[in-house]
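The following exercises concern the structure shown below. Each task is followed by a solution in steps.

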Amino acid sequence: FGGGGGGVNAGDLPKSKKRFWRWPTARIDEVHHARYRLQHVAVEIFLTDRRSAFLAFPDRRTAREAAARIAASRPGVLLMDRRKKLEAAARAQERWRRRELSTFDYLMALNTLAG
């Protein structure tokens with residue numbers, strides 16, 4: 001839908017094609033602030049079954065509020081902002097240097113943190 005490289009906007013879809021997804025809050029593991037179209041207006045939700053969902057919002061404030069509410073939905077959900085991602089990347093690098101983490105797992109961690 002929509003042609004040239006953009007995402008699908010639910011408002012552009014016929015009613016019969018609209019889809020809604022729900023996840024139990026118990027399956028939410030981490031919430032990451034993310035960029036969409038080079039703007040900090042998105043959130044990525046990582047679930048315990050290793051799936052993820054990417055949500056884009058109209059502005060940065062809405063994205064941050066949504067991320068905070070999702071993270072507050074249950075205790076133990078990590079909310080990863082840019083500073084926490086940098087700290088996690090440094091920890092992963094140190095674990096990789098000490099050979100506690102395989103190269104594959106290290107690259108997967110960096111890829112996840114990079115968004």
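Helices (H or I, at least four residues) and strands (E, at least two) are DSSP runs, numbered from the N terminus. The model is predicted: local features need pLDDT of at least 70, side-chain atom pairs count only at pLDDT 80 or more, and totals for chains, interfaces and linings use all residues. Residues are numbered from 1 along each chain as its sequence is written, and side-chain values use heavy atoms, with hydrogens and water left out.

**Exercise 1.** Determine the order of helices and strands in the protein chain.

Solution. The protein chain holds three helices and four strands. Along the sequence they follow the pattern β-β-β-α-β-α-α.

**Exercise 2.** Compare the reach of helix α2 with its expected span.

Solution. Helix α2 covers residues 82-97, which is 16 residues. The expected span is 1.5 Å times one less than the number of residues, here 22 Å. From first C-alpha to last, α2 reaches 23 Å, close to that value. Arg 99, whose phi is positive, near 65 degrees, follows α2.

**Exercise 3.** Establish which residues of α2 are buried and how they are arranged.

Solution. Buried means under 20% relative accessible area, exposed over 50%, and partly exposed in between (1.4 Å probe, protein chains only). In α2, Lys 85, Ala 88, Ala 89 and Ala 92 are buried. Seen down the axis of α2, these fall within an arc of 105 degrees (taken from the directions from the helix axis to the C-beta atoms), so they line one face of the helix. Leu 86, Arg 91 and Arg 97 are exposed on the other side of α2.
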